[in-house]
Amino acid sequence: MTTTRALGNQIWTDLNSPTKEEVDSLILSQNINPIIVKDLLTPTPKQHIKEFNNVIYAVLHVPSFKHSSSENLEQEIDFIITESGLITARYDSIDALHQFSKQMEVDEILNRGDYSHLFFGVMKEVYEFLFNEINYMKDWMKEIEKNIFEGREKEMVLGISVVSRNLLSFKRTIDPHQEVWINLQNIGKNIFGEKFEKESRALLEEWQRLTLEIKNVSDMLDELRETNNSMLSTKQNEVMKQLAVIGSVILPLTIIGQLFGLSILSFPLKENPYAFWIILTLMIMVVLGSLAYVKLKKWM
């Protein structure tokens with residue numbers, strides 16, 4: 001599906017899962033290099049940026065998460081940047097592009113919108129979306145921290161692992177952006193001038209700010225994991241301690257029971273009619289004495 005919007009003297013053409021007919025139409029209507037346009041038909045695994053006859057072709061991947069199922073995705077946006085506007089191609093619904101489309105609709109109605117190039121308007125929305133994803137992770141980690149200190153350390157092991165996986169996927173996806181923005185500065189300056197280079201440098205700074213946020217979240221996650229592991233270890237040690245104390249209380253009873261169970265003719269109390277009650281009383285006294293000693297030593 002192809003959507004076209006105009007703002008000022010710039011035109012944005014957005015292709016959602018483009019077909020061969022739509023691609024061929026671009027070649028004819030906008031005189032785009034066929035090598036670039038045909039590359040839009042299928043996703044590209046590697047992020048990169050190239051120049052073709054005063055046209056910039058860039059492939060970017062952005063992380064996305066389905067919060068309801070903790071599923072992480074990697075979505076692709078292809079950009080064809082020309083003097084007169086922007087062409088984007090994607091293979092899935094992307095929230096940032098949808099938001100930018102609505103913003104352009106408002107700008108068209110109000111006859112406003114100050115973009116040196118539509119590409120930077122799109123990327124502003126994309127990076128705002130990425131920062132929102134980082135903020136979502138921070139809120140998620142606050143919930144994990146709350147659960148840890150409410151005694152749900154065991155359940156939070158999985159939660160911490162899921163956040164860690166998403167954060168790793170996030171970082172792996174946006175790391176290649178650095179090289180793209182560095183190359184965009186050089187290519188953009190040669191084609192579109194110094195203002196384009198300045199805006200490209202601002203994108204690189206946004207990427208640096210985003211990576212700093214990721215590092216901060218990663219550090220927080222490491223602290224949470226260490227705290228959770230320490231509390232789990234403390235609980236396990238306490239359980240082992242209690243089991244050891246219980247074992248030390250039961251051991252004398254076992255010894256007493258085995259002694260009085262020996263088949264020896266001269267064994268004391270053998271003929272005593274109250275032997276059972278005497279032995280039971282002895283066991284109770286041993287248990288009470290052991291518990292008193294444990295209490296005195298504050299072992300439990």
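At 31% relative accessibility, Leu-280 counts as partly exposed in this predicted model. Leu-280 is placed in helix H8, which covers residues 275-297. Together with Trp-277, Ile-284 and Leu-288, Leu-280 makes a nonpolar surface patch of about 410 Å². In an α-helix there are 3.6 residues a turn, so residues three or four places apart point the same way.

Helix H5 was examined next. H5 runs over residues 153-174 and holds 22 residues. At 1.5 Å a residue, a span of 32 Å is expected; the end C-alpha atoms are 31 Å apart, which agrees. The buried residues of H5 begin with Glu-153, Met-156, Gly-159 and Ile-160. Val-162, Val-163, Asn-166 and Leu-167 are buried too. Ser-169, Phe-170, Thr-173 and Ile-174 complete the list.

Thr-173 also takes part in a contact with a loop residue, Gln-47. Gln-47 lies in the loop between helix H2 (34-38) and strand S3 (48-52). Its relative accessible area is 11%, so Gln-47 counts as buried, the limit being 20%. The side chain of Gln-47 reaches the backbone oxygen of Thr-173 at 2.8 Å. A polar contact of 3.4 Å also joins the side chain of Gln-47 to that of His-177. Apart from neighbours within four places in sequence, Gln-47 is in contact with Val-59, Leu-60 and His-61, and with Thr-173, Pro-176 and His-177.

Val-59 provides a link to Ile-80. The two residues are 21 residues apart in sequence, and their C-alpha atoms are 9.0 Å apart in space. Ile-80 is found in strand S5, residues 71-82. Ile-80 is buried, with a relative accessible area of 0%. With neighbours within four places in sequence left aside, the contacts of Ile-80 include Ile-32, Ile-36 and Leu-40. Val-55, Ile-56 and Tyr-57 are also in contact with Ile-80. Gly-85, Leu-86 and Ile-87 complete this set.

Charged pairs were then considered. Side chains of opposite charge can pair when their charged atoms come close. The structure holds 7 salt bridges. In one of them, the side chains of Lys-138 and Glu-213 meet at 2.6 Å, N to O. Lys-138 lies in helix H4 (residues 118-148) and Glu-213 in helix H7 (residues 194-259), so the pair ties together parts that are 75 residues apart in sequence. Lys-138 is partly exposed, with a relative accessible area of 22%.

A second salt bridge lies within H7. The side chains of Arg-225 and Asp-222 meet at 3.2 Å, N to O. Both residues belong to helix H7 and are 3 residues apart, about one turn of the helix. Arg-225 is partly exposed at 26% relative accessible area. Asp-222, at 39% relative accessibility, also counts as partly exposed.

Salt bridges that share partners join Lys-189, Glu-197 and Arg-201 into one network. Within this network, Lys-189 forms a salt bridge with Glu-197, and the closest N and O atoms are 4.0 Å apart. Lys-189 is partly exposed, with a relative accessible area of 39%. Glu-197, in contrast, counts as buried at 14% relative accessibility.

Definitions and conventions. Residues numbered from 1 in each chain as written. Predicted model: local features only at pLDDT ≥ 70, side-chain atom pairs only at ≥ 80, totals over all residues. Heavy atoms only, no water. Helix = DSSP H or I, 4+ residues; strand = E, 2+ residues; numbered from the N terminus. Expected span 1.5 Å × (residues − 1). Buried < 20%, exposed > 50% of the residue type's maximum accessible area, 1.4 Å probe, protein only. Contact = heavy atoms within 4.5 Å. Patch = residues over 30% accessible without salt bridge, like charges linked within 9 Å, V, L, I, M, F, W, Y side chains within 5 Å. Areas by Shrake-Rupley, 256 points an atom, 1.4 Å probe, with all protein chains shown as cover. Polar contact = N/O pair within 3.5 Å; in protein donor to acceptor, adjacent residues only side chain to side chain.
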